[in-house]
Structure formats: structure tokens, C-alpha cells
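Thanks for coming. I have one structure to show today, so please look at the screen.

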Amino acid sequence: MAKVIMVQGTMSGVGKSLLAAGLCRVMRQDGYRVAPFKSQNMALNSFVTEEGLEMGRAQVMQAEAAGMMPLVCMNPILLKPVSHTGSQVIVNGRALGNMSAREYFVYKRKLVPDIKRAFHRLADMADVVVIEGAGSPAEINLRDHDIVNMGLAAMVDAPVILVGDIDRGGVFAQFLGTLMLLSDEERRRVKGLVINKFRGDMGLLDSGIRMLEEKGGIPVVGVVPYMDIALEDEDSLSERFKGGERGILDLAVIRYPRISNFTDFNVFEQIPKVRVRYVDSARGLGRPDMIFLPGSKNTMEDLAWMRRRGLEEAVTRAAGEIPVWGICGGYQMLGQQISDPEGLEAGGAMRGMGLLPVETVLAGEKVLKQVRGTVNGVEGVLGALSGLEYEGYEIHIGRSRGIGQMEELVVLTDSRGMVYGTYVHGIFDKGDMAFALVKALADRKGISVGDGAEDFAVFKDRQYEKLADTLRQYMNMEEIYGILGEACVR
């Protein structure tokens, strides 16, 4: 019978996802079969499982830390925002449709059986289930319909570790305010507090920790420093959008409002001498060595946004001199036309950027599949990619049809060999794809980036080990295991 422990936070962005991943790796190192779980995730970064089902990437990251294959039961409900007040609702890997926040608030109680089935399926195959909450359990206006924080903890009888972010300031008020707003039953579930993202001399915290424990009545089981860990994070709070260190190769990613799956570019951040930066204005684009158009949850509206800001013109002009690569929604934007006869996005039709000979119709079922094979037909600046093996996955509505009876290609190239497009997310993650692209850019610029880069999977595994080592050093794992020992899935 599986043990269970839950990581909740005083607010969004306190580091719940990373700490849950770290606990998964620590327990895996200690010989346990451990699995992550999050009943409801809100994110535009998603993944497709081997069964062709869609789930949040945060739980994929945690599954990697746990040494498990990602399964949709790890994240039975995924909300993908389509506006400020509505989201596409995905249950057990399949889209139900779009709902407003109010509609979903009423509807979500119907999803409790799906949550329980997913959780118990996971618990049947693991010794320990590490659950991640969402936002804050002190959102008292949402308490009656909670299915992701204390409501879920009650469902599965899970003890809770509460995490606060000291880097934002006010961490003691975060903890005490949260505890004050919990019911007596909810407060009894909180077994330990973790202060996260600390910078400085930990000895200066001693008096504050003593007072926090006295007033809150709950022990502090860890003070975790701000970690330099290069792992995936939740899209809305990404540190990556602030820009990375300078490099001799400059890769610009267009950051439109509904950007999705920007994790496609994480692999380039680990290659020495490469800088990846996210751009939301024509002025900020500058003169990069390459431009990426990432995925989008609403291709037509994001293309209209680019037009209004002068970014379309800037990218089109740059495509005469440097490579431009679109993935998924970005690929659709690069074509001649996008049509939406069923009103799945903006409705009607609009002109594309005219850089690739394709037309896209947004209609039919969402495509969800993993893909692998060999790249063929790539010409021009990035011709070195031809013949390389790739793996990835597709998540998109609509189909893109080549003009002129072109063979359907994994990567489509324009006639000049400067503009590229693909539906495959994660195409650069495996093997030599990312480094071959970087080397081609470096050769064109007359500079050297060395003979190769570390395999991305190996790099990520080192990050999980580093994360686990940090938690062992700064969290009281004896107390964590003690908390775990009090809980058992029923």
C-alpha cells in the first residue's frame, strides 16, 4: 500500500514543482518506487504520452526525476488558458472543450471520480506518491470546490509540507497568514514548513524560525537555498523570459502572449557560447543569429499581435539574412494562409507571413502523437540536419498542406534554405540535433563552438542529482520520512 506526501505552497511560484521533483529523486535514490501526481495543472507547456494523451510538462519533469515513464494519470486535469477568463479543459489526456472560469468552477466537482481513479492507478504501481498542489490553500473563496490543495489532501488523506518563498520577501507572514486562513482540520494536515529560495547567511534566520514555530505550532523542516538548477518550470513564472547570459551565438525566441511549449528551446541553453532570449518587440529583436517562432495556444491572435507590434515585418525582413524556424503554431504562421472555418480560434481566415509554401486549415480533432524518425529534405544554412535522427511529439489542431504537391516533410524548408517549419515539439532534444544546428550557425559566422555538446538527457539527469543532493543537505529528510510514515493511501 503506497505512502503519500503532499507539497503545497503559500502562493504560486514558490518552487513546489522543483521541490516535489527533488523529493521524487531522493526517494528513488533510497530505493523506493516513487511517482508524482498533480490533480489539476494550469499551463501551456504540455507533453504527449506514448498512448497519445496530453499532460502538463511539470509532471513529466517530476516523472523523469522519479525514473518513471510519464503517464497521464500523473496529471488527470490540465487547463490551457485561451483568454484571461477561460481555458481549454483537458481530462485524462483528452480535450473536453473551452470553459470560462465560472463554468469550470461549477463543473470541476464532476471530475472528482476521474481524479480518484487516476490517483489510485498511480498508487497501485508505486511505494510513494509525491503530490504537488497548485497556487495556495488559503484561497478561501475557492475552498468549497477545491480539488487540488486541501480538498485533494482530504480525499487521499495526505500530510502536507507547506513551502514559502523568502526571495520575494515576507515569508513569515506568508506562512502565518496561510495557516490562519486554514480550517482546524486543514491546519492539522500541515506537518512541516520549508523556507525556499534563501540567499545569505542562514544563521540570521534562527530567531525568525523560532518565532515562526512558536506562533504556527509547526516545525520548519528545511531552509533551501536559491538553486542554480536548469530544469523546466511553470510557463507563467519562468525565469527564462528575463534573458540569459551573453553568448557568441544569439538565438531569439518570439514571446507572444499565448506562447506554448517554450521548453523546446531549453536544450540550447546548455550549449556553451549560446544565448537564448525571449523577445516581445521589434526593437528588442536586434540582430540575432537565428529566430524561432514557438508554439501558440491561439495562432491567429498571436500572429495578429505580431503584426500590431511590428514583429512580423521585422522577422520577415530578417529572414532574408538569417534562419527563421517555426514550431507548431509558429510553423502555421510562416505559411501563406490560416483558415478557421469552425471558429476554433478567431474564425474566418487571415494571411500568413508568406515565408513557407503551406496553407493551414484549423479543423478536425486535435493531433496528439509521439513521433520519431530521420530528418530529410533540409537544405540551405541548416542542411547539416538532414540525415539526423529525431524524437518528439505533436500537439496541434488543423492541418498544413504544402502548395505544389510537395512531399510531406518533418522539416519543411523554403526555396532559399533560410526558413524552416515543423510540427514536432522536442525535435532538438535528442541526439545531435541541437548541436548540429548550433555548429551550422557558428560555421556560417566563422566561429568555433567546439566538437560537441553533452547529451541533453544526461545533462538533465545531472540536474536531478544536484537537486536531490541539495535537498538532502538543507531539508531534514529524517523528519520528511517521519511525516511520510504517518500516511498511507486508503
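I will go through two helix pairs and then the aromatic rings. Keep in mind that this is a predicted model.

Start with helix H1, residues 16-29, and helix H15, residues 456-474. Their axes are 8 Å apart and meet at an angle of about 90°. Angles of 65 to 115 degrees count as roughly perpendicular, and H1 and H15 are therefore roughly perpendicular to each other. On the H1 side the contact includes Leu18, Leu19, Leu23 and Val26, and on the H15 side it includes Tyr464, Leu467, Ala468 and Leu471. Charged residues take part as well, among them Arg25 and Arg28 in H1 and Asp461 and Glu465 in H15. By class, this contact has nine nonpolar, two polar and five charged residues.

The second pair is helix H6, residues 171-181, with helix H8, residues 206-216. Here the angle is about 5° and the axes are 10 Å apart. That angle makes H6 roughly parallel to H8. From H6, the residues in contact are Phe172, Phe175, Leu176 and Leu179. They meet Gly208, Ile209, Leu212, Lys215 and Gly216 in H8. Sorted by class, that is six nonpolar, two polar and one charged residues.

Now the rings. How many aromatic pairs does the count come to? It comes to 12, taking ring centres within 6.5 Å as a pair. One aromatic cluster is formed by Phe265, Phe268, Phe292, Trp325, Tyr420 and Phe428.

A last item concerns a charge and a ring. Arginine 199 lies over the face of tyrosine 226, at 3.8 Å from the ring centre.

Conventions: Residues are numbered from 1 along each chain as its sequence is written. This is a predicted model: local features need pLDDT of at least 70, side-chain atom pairs count only at pLDDT 80 or more; totals for chains, interfaces and linings use all residues. Side-chain values use heavy atoms; hydrogens and water are left out. Rings of Phe, Tyr and Trp (its six-membered ring) pair if their centres lie within 6.5 Å; planes under 30 degrees apart count as stacked, over 60 as edge-to-face and the rest as tilted. A charge sits over a ring if NZ of Lys or CZ of Arg is within 6 Å of the ring centre and within 35 degrees of the ring normal. Axes are lines fitted to C-alpha atoms, for helices over the stretch in contact, and angles run from 0 to 180 degrees between N-to-C directions. Helices (H or I, at least four residues) and strands (E, at least two) are DSSP runs, numbered from the N terminus. Angles under 35 degrees count as roughly parallel, over 145 as roughly antiparallel, 65 to 115 as roughly perpendicular and the rest as oblique. Contact means heavy atoms within 4.5 Å. Ala, Val, Leu, Ile, Met, Phe, Trp, Tyr, Cys and Pro count as nonpolar, Asp, Glu, Lys and Arg as charged, and the others, Gly among them, as polar.
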